[in-house]
Amino acid sequence: MREKLTTLIFVAFAAGLAITAAWVEPERATQSLFDDQGEYFYPDFKDPLACKALEVIAYDETTAAARPFKVEFRNRRWSIPSHHNYPADARDRLAKTAAALMDLKKDSIRSESVADHATLGVIDPLDQKATSLTGRGKRVTLRDEKGAVLADFILGKSVEGKPGYRYIRVPGQKRTYAVKTDADPSAEFEDWIETDLLKLTASEIRKITVNRYSINEQLGQLENVERTVLTKEKDRWVTSSGKTARKAAVDELTAALDSLRIVNVQPKPPALTKDLKAQKGLSLSLDSILSLRQKGFFVTPTGQLLSNEGELIVETEKGLIYTLRFGEVAPGAPGTESEDKTAERRYLFITVSYNDDRAALYNDGDASKVRVDGNRLARELTNRFADWYYVISGADFEKLRPRSRDL
């Protein structure tokens with residue numbers, strides 16, 4: 001009887017010590033039971049090519065709004081649902097992004113407290129219950145072809161004093177980790193698309209016509225008309241008056257054409273797209289006319305297409321003739337895509353054609369050198385441009401409309 005009593009006393013004492021230890025150091029007790037430090041976040045995610053969709057949700061503190069971006073493989077091509085299913089140049093980029101996120105380990109536990117989420121920058125940008133407008137991270141979700149989640153993270157701030165590390169949390173969990181990674185998937189449209197929009201290089205441009213004007217919609221007439229024609233003669237550019245153009249100014253213009261990138265798109269009406277691809281002139285349904293006017297483009301009674309802010313005509317040695325028409329101010333905060341904080345985004349309407357005479361002019365009278373490639377590229381670009389109104393940055397808009405005095 002005495003032995004049993006002694007045993008019970010020891011058991012009770014041991015239990016008391018355990019309870020006391022948990023009460024005195026609750027974090028240590030919890031971590032000892034649930035410590036996952038050093039483990040992979042998603043051990044079953046082993047093939048980056050299994051990723052068929054990426055969603056990135058960034059948070060704009062200036063507008064207090066989440067900015068969703070998504071790219072996915074659908075109907076046998078990569079596209080961007082958040083931007084009207086515009087074609088994405090995404091396969092290699094997505095595979096690299098998936099590989100970088102696939103191997104992430106829980107390097108060290110930094111906090112178990114929800115109260116630390118804002119400080120560490122790991123508040124879910126979609127969390128409507130959170131009252132803080134700061135401290136929200138970037139949420140990145142990878143899915144397979146069936147829509148199942150492969151990985152889901154909230155990427156927070158960089159770890160101070162530890163280069164190459166940032167705070168990461170799994171949505172729905174309190175614990176925040178410090179993780180070694182340089183993964184930072186972009187939520188910017190322009191980072192996921194074909195970068196060579198015009199398919200030309202500065203060196204192949206042979207003639208540029210800058211038609212600066214504006215349209216007075218009330219009076220139905222052109223105003224502030226200014227026309228400048230530049231032609232390349234061997235190693236210099238000359239104006240229509242025979243004067244040598246300023247090299248720095250022309251170099252800036254041709255470089256802007258070479259590197260032109262879009263920051264957004266809007267689809268054209270199906271009827272307008274069909275007309276443009278057919279290249280038989282515009283039948284212009286009411287839907288097409290209204291769409292054009294809303295974007296700052298107008299068709300005259302003679303069938304000429306004019307634009308709010310003029311146009312740029314570019315001829316290349318391949319016999320291609322590009323017409324870039326600049327339309328109305330496009331939605332979007334100015335300055336977000338460039339160093340220019342005041343310039344406004346603009347709609348851009350692009351058409352392209354091949355001309356045998358121009359090809360012969362720029363190839364010593366022999367158009368056959370470039371005829372096949374020129375026609376092929378013109379058809380390819382026509383089919384691409386016909387679908388979309390493009391939006392360009394305010395900075396590029398200014399570079400593509402130089403004044404005569406600057407040239």
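Start with Ser288 in this predicted model: setting aside neighbours within four places in sequence, Ser288 is in contact with Pro269, Ala271 and Leu272. You will find Ser288 in helix H7, which covers residues 286-295. Is Ser288 buried or exposed? Its relative accessibility is 0%, and anything under 20% counts as buried, so Ser288 is buried.

Ser288 has company in H7. The buried residues of this helix are Ser288, Ser291, Leu292 and Lys295. Around the axis they cover an arc of only 100 degrees, and therefore they sit on the same side of H7. Turn to the other side of H7, and you meet Leu286 and Gln294, which are exposed. What do the buried residues of H7 pack against? Their partners are helix H6 (270-278) and a set of strands: S13 (262-267), S14 (297-299), S17 (320-329), S18 (346-354) and S19 (388-392). Just after H7 comes Gly296, with a positive phi near 95 degrees.

Now let us move to another helix, H3, made of residues 91-102. H3 has 12 residues, and the distance from its first C-alpha to its last is 16 Å, close to the 16 Å expected at 1.5 Å a residue. Which residues of H3 are buried? They are Leu94, Ala95, Thr97, Ala98, Leu101 and Met102. Looking down the axis of H3, you would see these buried residues within an arc of 165 degrees, so they line one face of the helix. The face turned away from that buried side carries the exposed residues Asp92 and Lys96.

What covers the buried residues of H3? The cover includes strands S1, S2, S3, S6 and S7. H3 lies across these strands, among them S1 (53-60) and S2 (65-74), and runs at about 105 degrees to S6.

The strands under discussion belong to a sheet, so let us follow that next. An open sheet is formed by 9 strands, with antiparallel pairing, and their order is S4-S3-S2-S1-S6-S7-S8-S9-S5. At its edges are strand S4 (86-87) and strand S5 (108-111), each of which pairs on one side only.

Take a walk along the S4 end of that order. Strand S3 (residues 77-80) is joined to S4 by 2 bridges, and the two run antiparallel. One pair to look for is Ile80 and its bridge partner in S4, Tyr86. S3 and S4 form a hairpin with 5 residues between them. His84 is located in the loop between these two strands, and its phi is near 60 degrees, a positive value in a residue other than glycine. Because its relative accessibility is 40%, His84 counts as partly exposed.

S3 also pairs with S2, in the antiparallel sense and over 3 bridges. Here Glu72 stands opposite Ser79 in S3. The hairpin of S2 and S3 has 2 residues between the strands, and in this hairpin Asn75 takes a positive phi near 55 degrees.

A positive phi turns up again at Lys199, where the value is about 60 degrees although the residue is not a glycine. Where is Lys199 placed? Look in the loop between strand S9 (176-180) and strand S10 (205-216). Lys199 is partly exposed, with a relative accessible area of 25%.

For the last stop, find Asp144 in the loop between strand S6 (138-143) and strand S7 (149-158). The side chain of Asp144 reaches the backbone nitrogen of Lys146 at 2.9 Å. Which residues does Asp144 contact once its neighbours within four places in sequence are left aside? They are Ala50, Lys52 and Leu150. Ala50 deserves a second look: Asp144 and Ala50 are 94 residues apart along the chain, and their C-alpha atoms are separated by 5.6 Å.

How values were computed
Residues numbered from 1 in each chain as written. Predicted model: local features only at pLDDT ≥ 70, side-chain atom pairs only at ≥ 80, totals over all residues. Heavy atoms only, no water. Helix = DSSP H or I, 4+ residues; strand = E, 2+ residues; numbered from the N terminus. Contact = heavy atoms within 4.5 Å. Polar contact = N/O pair within 3.5 Å; in protein donor to acceptor, adjacent residues only side chain to side chain. Pairing = 2+ DSSP bridges. Axes fitted to C-alpha atoms, helices over the stretch in contact; angles between N-to-C directions. Expected span 1.5 Å × (residues − 1). Buried < 20%, exposed > 50% of the residue type's maximum accessible area, 1.4 Å probe, protein only. Arc of directions from axis to C-beta.
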